[in-house]
Amino acid sequence: MQETVTPAASVGVNHAAGSHPDTGFGTRGYRKYVLGALLTVYVFNFIDRTIINILTEPIKQSFGLEDWQMGMLGGPAFAVLYTFIGIPIARFSEKNHRVWIIAASVALWSLMTVLCGFATSFIALFIFRIGVSIGEAGCSPPANSIIADYFIPAQRSTAVSTYALGIPLGGMVAYVFGGFIVGSLDGPAVAQLFSNWGWVWAVNALDWQNIEGWRIAFVVVGFPGIIVALLVKLTIKEPPRGYTDPAAMQGKAQVSFAEVLKILAKKPSYWHITLGVTIASFVNYGVAQFFVSFLIRTHEMSIFDAAVKVAMVLSVMASIGTFMSGYLADRFSVRYPKALAWIPMIALLGSTPMFVAGYLVDSLWIAIPVLMVGQMLLYTYLCPLYAVPGGVVDSRMRATSVAVTLFIVNLLGYGLGPPLIGGLSTILNASFLAGVDPTLSLEACKGASLAVGAQVACGEANAKGLQWSMIFFKCLYLWAALHFYLGSKTLQRDMGR
């Protein structure tokens, strides 16, 4: 698996057909294919990562959990090992075959997602979620390193924003399939389907009558990833490392992890933009964990309607914002060198009142258009997440730089966002209950023999606790915007423009 890389500028290097360092590795069509394949990988990455957001309510009911425990499944169970393993994998990918690493990672996290459907307890599901995180840690650092070798600097913001489309597109597919499966497909329905096909062996394989829809959802979204892993290995060529970098950078010796940190320490724009992205991710991951639950509790929607009719529409708007941020940054960076930081700064300032209004109004006909605009503006922060770490260093350390960034973003953003919003929701829920009826408690609300008035009070407190937690979190986008502004001050210098 050890990779021997001949510098692209060295004498005797064998360029791929149609390749030149001034245009990128491979033909234009093949570069588009590779980018599309890596986007597909990232789509599956986020399908398997976020499917639990759609399944929050049925999992909570199956295991008798509280919001804070669901926050643990959505946050720390995934984020802790994901962040700590990401850096060693990135260091490994600086010297070894990146395509192999990505393919193996896809296969691992897909298998772990399938196993989530077989979890028999909260602890088992927690462990399988950790397994998903270990696999996904090997995705973005080598993928971004490959993208930088395929695409010249003038095209990289657009390329990485296209790759980053995997986040909203993955969420969209997860919402569609998760909502459809939970709403339409449970164990008895699968057994009937197998019976219609004449698959008697499959009907007798499991106790289908007692299998919930959320378990089937994990299996259905996880299994195709194994096929994607094979396609990656068989169709993506490993490019020469540093192929599109200036000739002066070719053939330089690898640098240590400590050296990478020293270089990043001298780039203030990197740290401010990383903080901005971290705060935005902290809010976004936390709210996303409970967004379908919010629609169910506050607007009394079904899982299918909440996931397919609302969350999917917002994911489409997020995709538009993600791509446009990179496209606009490439288009205006020559005339406005600070565009990469200014675009998300302005967008986050504009999105905050949109989200607050969207969560407060009672009418979905008013809320959805407002949230659509807010979602499109919000997702402009994803392009700098990859463009800046890859732009302030050279090819010898790009995977490591991206991994360091993801370490910070995911440990603080993904690791803390879901459990803290879940914890705040639980606290506010108890507070609202006490205000209505001091004799009611969260534990009492789980009882099956509650009076009608108590059931109504429990439902309203449950909805309001989550609603106001989400509103409070969304206001933190103003803090993130401040860091994008501070990062813009030295961005041009730090990226060598």
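## Helices H14 and H20

In this predicted model, helix H14 and helix H20 cross at roughly 70°, an angle that falls between 65 and 115 degrees, so the two are roughly perpendicular to each other. Their axes come within 10 Å, and the crossing is right-handed. To find H14 in the structure, look at residues 257-265.

Where do the two helices touch? On the H14 side the contact is made by Phe257, Val260, Leu261 and Leu264, while H20 brings Thr400, Ser401 and Val404. Sorted by class, this contact of H14 with H20 has five nonpolar residues and two polar ones, with no charged residues.

## Helices H15 and H16

Now follow the chain to helix H15, residues 268-299, and helix H16, residues 303-332. Two packed helices are described by the angle between their axes and the distance between the axes. Here the axes come within 9 Å and cross at roughly 125°. H15 and H16 are therefore oblique to each other, and their crossing is right-handed.

Phe291, Val292, Leu295 and Ile296 are the H15 residues in this contact, and they meet Ile303, Ala306, Val310, Ala311 and Leu314 of H16. The residues of the contact of H15 with H16 divide into nine nonpolar, no polar and no charged.

## The largest pocket

Next comes the empty space. Rolling a probe the size of a water molecule over the atoms shows where empty space is left. The largest pocket holds about 610 Å³ of space. It is lined by 21 residues, and those closest to the centre of the pocket are Val190, Phe194, Leu206, Trp208 and Val219.

Three helices each give two or more residues to the lining of this pocket: H10 (187-197), H11 (200-203) and H12 (213-222). By class, the lining of the largest pocket divides into 17 nonpolar, two polar and two charged residues.

## The largest cavity

How many cavities of 30 Å³ or more does the structure hold? There are three cavities of that volume or more. The largest cavity has a volume of about 330 Å³. Its lining is made of 21 residues, with Tyr175, Asn284, Ala288, Gln375 and Tyr379 lying nearest the centre.

Several helices take part in this lining. Helix H1 (28-54), helix H9 (166-184), H15, H16 and helix H17 (339-360) each give two or more residues to the largest cavity. The largest share, five residues, comes from H15. So H15, which packs against H16 through residues such as Phe291 and Val292, is also a wall of this cavity. By class, the lining of the largest cavity has 14 nonpolar, six polar and one charged residues.

## The second largest cavity

The second largest cavity has a volume of about 70 Å³. Which residues lie nearest its centre? They are Tyr42, Tyr285, Leu385, Tyr386 and Leu406, from a lining of 14 residues.

The elements that give two or more residues to this lining are H1, H15, helix H19 (382-391) and helix H20 (398-436). H20 is also the helix that crosses H14 at roughly 70°. By class, the lining of the second largest cavity has eleven nonpolar, two polar and one charged residues.

Notes
Residues numbered from 1 in each chain as written. Predicted model: local features only at pLDDT ≥ 70, side-chain atom pairs only at ≥ 80, totals over all residues. Heavy atoms only, no water. Axes fitted to C-alpha atoms, helices over the stretch in contact; angles between N-to-C directions. Helix = DSSP H or I, 4+ residues; strand = E, 2+ residues; numbered from the N terminus. Parallel < 35°, antiparallel > 145°, perpendicular 65-115°, else oblique. Left-handed = near helix turned anticlockwise from the far one by under 90°. Contact = heavy atoms within 4.5 Å. Nonpolar A, V, L, I, M, F, W, Y, C, P; charged D, E, K, R; others polar. 1 Å grid on protein atoms, 1.4 Å probe; cavity = no way out; pocket = protein on both sides within 12 Å on 5 of 7 lines; lining within 4 Å. Points joined across faces, edges and corners; volume = space filled by probe spheres on them.
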